[in-house]
Amino acid sequence: MADYPSDTKKDLSQIVRGSSEAVEHSQPRVRRKSKYAGPNEEFLKALMNLGISRNAAEKGLYMTDNSTVDAAASWVLDNQDMPNLDEPFKDFTPALEALPFEKEYPLDEKTLSSPYKMVFVVNTELNMGVGKIAAQVGHAAIGLYKIVATQPQKYDHMLSQWDDFGATKIVLQGESTAHLFDIEELAKKAHIPHYLVHDAGKTQVSSGALTVIGLFGSSSELGTLTGSLLLL
C-alpha cells in the first residue's frame, strides 16, 4: 500500500480521551495543504467496500489528508489496536484539531493516487493457516511479476509507475474455488495480467487446489473485478 508519514501511526487513544498532555507529547502529525474539509466521499465509499467501518475510514482519511484510498487503508490497518478506532469520528475531532498543523506540507501530486497495483484474492474456502496463505500469496506475487516483467514492451510503463507509487499490493477474501475461476474469466476478457496458484498438496490442502489468484492492472480496472471484496 501507499506510504504516508510514519509519525501518523502512533496510538491516539489518549488523545481521544482529551488528554492535553497526550496532545503535547504523543503528537502524531497531521500533514495537509489546507484545513481539513471532511472526507473524500469517493474514497470513503471505497474504504467501506473493503470492509472498513465508516468511523475508522473517516479517521484514516483524516490522518492521511484524503491522499489516497491505499494510504488511508494502510493507516487503519496499522492502527487496528486503537481502542476507539470504531467510535464516531466527531468524538475525535476536537483532539485531532489540536495536533500540529503543517499548512506548507509539500504534497507531491503523484501521491494523490496509485495508478497500478497488484491484488491477490485468497480462496478462503480452503481454510488455510496464516503461514500457508502468506506462502501462497508470495507464489502469486512472483508468478505475476514474471508475467509482466517478461513483456516489457507491453507492461514496462505500468511496472515503472507501480514501483514509483510504492508497489501497492492488496490481499482480499475470495469465497471459493469457483469464485476465483470466475475472477480469472473476467480478467481474461478484460486482458488483465493474472496468475493462478495451484498448490503442490504437501501441507493443509490437496494437490492441485487453487489457493490464490493474483491480478495486476490499474486501480480502476481491478476495482471492477474485486472492488466488492473484503480485505483478508
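Before we start: a residue counts as buried when its relative accessible area is under 20%, and as exposed when that value is over 50%. Keep in mind that this is a predicted model.

**Exercise 1.** Work out whether the two faces of strand S3 are buried or exposed.

*Solution.* Start with the strand as a whole: S3 spans residues 116-123, and 8 of its 8 residues are buried. Now split it by side. One face carries Tyr-116, Met-118, Phe-120 and Val-122, and each of these is buried. Flip over and you meet Lys-117, Val-119, Val-121 and Asn-123, again all buried. Both faces of S3 are covered, then.

**Exercise 2.** Find which strands S3 is joined to by bridges, and in which direction each pair runs.

*Solution.* Take S6 (residues 210-218) to begin with: 7 bridges join it to S3, and the pair runs antiparallel. For a concrete contact, look at Met-118, whose bridge partner in S6 is Phe-216. Next comes S4 (residues 169-174), which runs parallel to S3 and is joined to it by 6 bridges. Here you can check Asn-123, which sits opposite Gly-174 of S4.

**Exercise 3.** Asn-127 and Gln-204 have a positive phi. Place each one and decide whether it is buried or exposed.

*Solution.* A reminder helps: most residues other than glycine have a negative phi. Asn-127 isn't a glycine, yet its phi is about 55°. You'll find Asn-127 in the loop between S3 and helix H7 (130-149). Its relative accessible area is 66%, so Asn-127 is exposed. Gln-204, also not a glycine, has a phi of about 70°. Gln-204 lies in the loop that links strand S5 (194-198) with S6. With a relative accessible area of 56%, Gln-204 is exposed too.

Definitions and conventions: Residues are numbered from 1 along each chain as its sequence is written. This is a predicted model: local features need pLDDT of at least 70, side-chain atom pairs count only at pLDDT 80 or more; totals for chains, interfaces and linings use all residues. Side-chain values use heavy atoms; hydrogens and water are left out. Buried means under 20% relative accessible area, exposed over 50%, partly exposed in between (1.4 Å probe, protein chains only). Helices (H or I, at least four residues) and strands (E, at least two) are DSSP runs, numbered from the N terminus. Two strands pair if DSSP finds at least two bridges between them.
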